[in-house]
Amino acid sequence: MEHPENDEKYIGLTVNSGVTQPPSVNPYLQKRPRRKPLPAASELVDGILKGDVTMLSRAVTLVESLSPDHQTVAQEVIEKCLPFSGNSRRVGITGVPGAGKSTSIDVFGLHVLKDGGKLAVLAIDPSSERTKGSILGDKTRMEKLAIHPSAFIRPSPSAGSLGGVARKTRETIVLCEAAGYNNIFVETVGVGQSETAVHSMVDFFLLIQLAGTGDELQGIKRGIMEMADGIVINKADGDNIGPAQLAQAQFRSALHLFPPTASGWSPEVLTYSGYYELGIAEVWDMIDRYFDFVKANGYFDIKRREQARYWMYESIDEHLRANFYNNPAVASLLRENEAEVLANRRSSFIAARDVLDYYFNHTFNSLTK
């Protein structure tokens, strides 16, 4: 295309050629380094038993992976680490969002580490139902513990499956214990359903409550209160000391309505302030008394055995579900029956029965051949 400035009558006009467009790819961009090959199970186990945090982290990543190859290696690592596990105190910590769980874990952890030893914090982080992503930001609220050389903090996404992440958390506990961590904190999502799963993998279950939020009215209801071995009222400082003490009295009264615990332990209710680090020693003294009590009467070992049995059946349930839904023939039949149900030509119950009958018949036939 001719430009008017190129006409002879503009002979004195100088037109620059312009700027060359830069390349779309950064010329200084280096090739991404290739990821290190997956370590062998024996190498991971050796590193874990030596307390190598890098090897422990890689092993936990394999445990959380959905890849069948990764799961095979992870299960071999867990099997070899199992004889070196079981030597820690497992404490589950739960509470409503905003109760101060992460801040409390920060100060509780520092208090525990004063006497030596090592601490692993396993935090279950809720995942978005829309994007399936998680912030995994619990570490940012544990500022002091995050930089402590004897602490290991590992947040894990719930990924919409609290049962699945709970199983992975229990396997992670085995790895952490084999790595020499003699104190394990498990922080729940704090939405209600995760408490049961976490309760089935810890020795002491701590419930964090707040005063003046209406939570004390829930004290007369069964559920989370029955699982708690200790209840602590957080943010008992300043003008909130009075309401915290009132909530403490209400929770103590509510606990009298429940039947005796299987362990014989009477849950205690204490007040403290995680932010100002008030009453931390008293809370941990309560936990120490609990462990002394259940180890003296033998309940500690009984509960560990019951938990092992519980997770055996949970693993069976999970593998059955995976085998069912990963079956190509079942997947095809599910789509057909789903279309029938959506078109209102078949009831949900009959469709479910037909799919299950097909699965059981073919599974049984394949086992008897």
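## Strand β6 and its neighbours

In β6, Ile-233 is the bridge partner of Gln-209. Ile-233 also stands opposite Thr-271, a residue of β7. The structure described here is a predicted model.

Strand β5, comprising residues 204-209, runs parallel to β6, and four bridges join the two. The pairing of β6 with β7 is likewise parallel and is made through four bridges. Strand β6 spans residues 230-233; Gly-230 and Val-232 point one way from the strand, Ile-231 and Ile-233 point the other way, and all are buried. A right-handed β-α-β unit is made by β6, helix α9 (residues 241-255) and β7.

## Overall composition

The protein contains 13 helices and seven strands. It has 369 residues, of which 40% count as buried. The accessible surface comes to about 21900 Å², with 55% of that area belonging to carbon and sulfur atoms.

Contacts that are distant in sequence are well represented: among those between residues at least 6 apart in sequence, 74% join residues at least 24 apart.

## Nonpolar cores

The largest nonpolar core has 34 residues, and within it Val-77 and Leu-175 touch the most other members. At least two residues of this core are supplied by each of α1 (41-49), α2 (53-64), α3 (68-81), β2, α6 (162-178) and β4 (183-187). Helix α2 gives the most to this core, contributing six residues.

When residues up to four places away in sequence are not counted, Leu-175 touches Ile-48, Leu-56, Ala-59, Val-60, Val-63, Val-77, Ile-78 and Cys-81. A second core, separate from the one above, consists of 33 residues, including Val-121, Phe-185, Val-283 and Met-286.

## The loop at Gly-117

Gly-117 lies in the loop between α4 (101-113) and β2 (119-125). Its relative accessibility is 37%, so Gly-117 counts as partly exposed, the class that lies between the 20% limit for buried residues and the 50% limit for exposed ones.

Leaving aside neighbours within four places in sequence, Gly-117 is in contact with Ser-150 and Asn-182. Gly-117 and Asn-182 are 65 residues apart in sequence, yet their C-alpha atoms are 6.4 Å apart in space.

## Positive phi outside glycine

Two residues other than glycine with a positive phi are described here, Glu-277 and Asn-344. Phi of Glu-277 is near 55 degrees. Glu-277 is found in the loop that runs between β7 (268-271) and α10 (280-297). The relative accessible area of Glu-277 is 40%, and the residue is therefore partly exposed.

For Asn-344, phi is about 60 degrees, again a positive value in a residue that is not a glycine. Asn-344 is placed in the loop between α12 (328-342) and α13 (348-368). Asn-344 counts as exposed because its relative accessibility is 71%, and exposed residues are those over 50%.

How values were computed:
Residues numbered from 1 in each chain as written. Predicted model: local features only at pLDDT ≥ 70, side-chain atom pairs only at ≥ 80, totals over all residues. Heavy atoms only, no water. Buried < 20%, exposed > 50% of the residue type's maximum accessible area, 1.4 Å probe, protein only. Contact = heavy atoms within 4.5 Å. Pairing = 2+ DSSP bridges. Right-handed = clockwise from strand over helix to strand, strands pointing away. Areas by Shrake-Rupley, 256 points an atom, 1.4 Å probe, with all protein chains shown as cover. Core = buried A, V, L, I, M, F, W, Y, C linked by side-chain atoms within 4.5 Å.
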